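Work through the exercises below with the sequence and the model at hand, and try each task before you read its solution.

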Amino acid sequence: MPVVVEDIMKLLCSISGERKMRAAVKHSGRGALVTGAVAFVGGLVGGPPGLAVGGAVGGLLGAWMTSGQFKPVPQIIMELPPAEQRKLFNEAAAILRHLEWTDAVQLTALVMGSEALQRQLLAMLVSYISKELRAEIQYDD
């Protein structure tokens, strides 16, 4: 039975969707660019005091621009490029290697029936999102 990447992606979407997981990918590069640009303009306009004020204002603006951009984890999983989905698949397949299934529906039913498998897959998913995507995880209640 061939293991299909799409089946495992659907499973991970089901598990993360049930837990209402959301993640915010941090755009630190964009925030740094805004901070630098505003500090530069402040320096041109006001000299050294303008540089200090521009840096402070730019830092606040950059932080505001990059905060609160949470997306549902299932959406993030499905938008991953194929190479990233393959990495995630390999990690999940190591956990699920002993299971036999024919399609995503059967795989999801098997995993949803096992709290231990759900915990392992969630821990792997949180680790992947945190380390590989450098994202912050949030759970909606």
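## Exercise 1: the two sides of a helix

In helix 5 (residues 104-112), the residues that count as buried are Ala104, Leu107, Thr108 and Val111. They lie on the same side of helix 5, because the arc they cover around the axis is only 100°. Keep in mind throughout that this is a predicted model.

Task: find which residues are exposed on the other side of helix 5, and what covers the buried ones.

Solution. Begin with the cut-offs, since a residue is called buried when its relative accessible area is under 20% and exposed when that area is over 50%. Then turn to the other side of helix 5, where Val105 and Ala109 are exposed. Finally, look at what lies over the buried residues of helix 5, where the cover includes helix 1, helix 4 and helix 6 (115-131).

## Exercise 2: pairs of opposite charge

Task: state how many salt bridges a search of the whole structure finds, and describe where Glu6 and Lys10 lie.

Solution. The search of the whole structure gives five salt bridges. One of the pairs is Glu6 with Lys10, whose side chains meet at 3.1 Å, N to O. Both residues belong to helix 1 (residues 5-18), and they are four residues apart, about one turn of the helix. An α-helix has 3.6 residues a turn, so residues three or four places apart point the same way. As for their surroundings, Glu6 is partly exposed at a relative accessible area of 45%, and Lys10 is partly exposed at 38%.

A further pair joins Glu79 to Lys71 in a salt bridge of 2.7 Å, N to O. Here Glu79 counts as partly exposed with 45% relative accessibility, and Lys71 is partly exposed with 31%.

## Exercise 3: a network

Task: find which residues are linked with Glu84 in a network of salt bridges.

Solution. Start from Glu84 and Lys87, which form a salt bridge of 3.4 Å, N to O. Both are found in helix 4 (residues 82-96), three residues apart, about one turn of the helix. Lys87 is partly exposed, at 38% relative accessibility. Adding Glu132 completes the picture, as Glu84, Lys87 and Glu132 are linked in a network of salt bridges.

## Exercise 4: a nonpolar patch

Task: name the residues that form a nonpolar patch on the surface together with Phe40.

Solution. First place Phe40, which is in helix 2 (residues 28-66) and counts as exposed at 53% relative accessibility. Its partners in the patch are Val41, Leu44 and Val45, and the four residues together have about 460 Å² of accessible area.

Notes: Residues are numbered from 1 along each chain as its sequence is written. This is a predicted model: local features need pLDDT of at least 70, side-chain atom pairs count only at pLDDT 80 or more; totals for chains, interfaces and linings use all residues. Side-chain values use heavy atoms; hydrogens and water are left out. Helices (H or I, at least four residues) and strands (E, at least two) are DSSP runs, numbered from the N terminus. Buried means under 20% relative accessible area, exposed over 50%, partly exposed in between (1.4 Å probe, protein chains only). Patches are made of residues with over 30% relative accessible area and no salt bridge: like charges are joined within 9 Å, nonpolar side chains (Val, Leu, Ile, Met, Phe, Trp, Tyr) within 5 Å. Accessible areas come from the Shrake-Rupley method with a 1.4 Å probe; for residues, only the protein chains shown count as cover. The arc is that of the directions from the helix axis to the C-beta atoms. Contact means heavy atoms within 4.5 Å.
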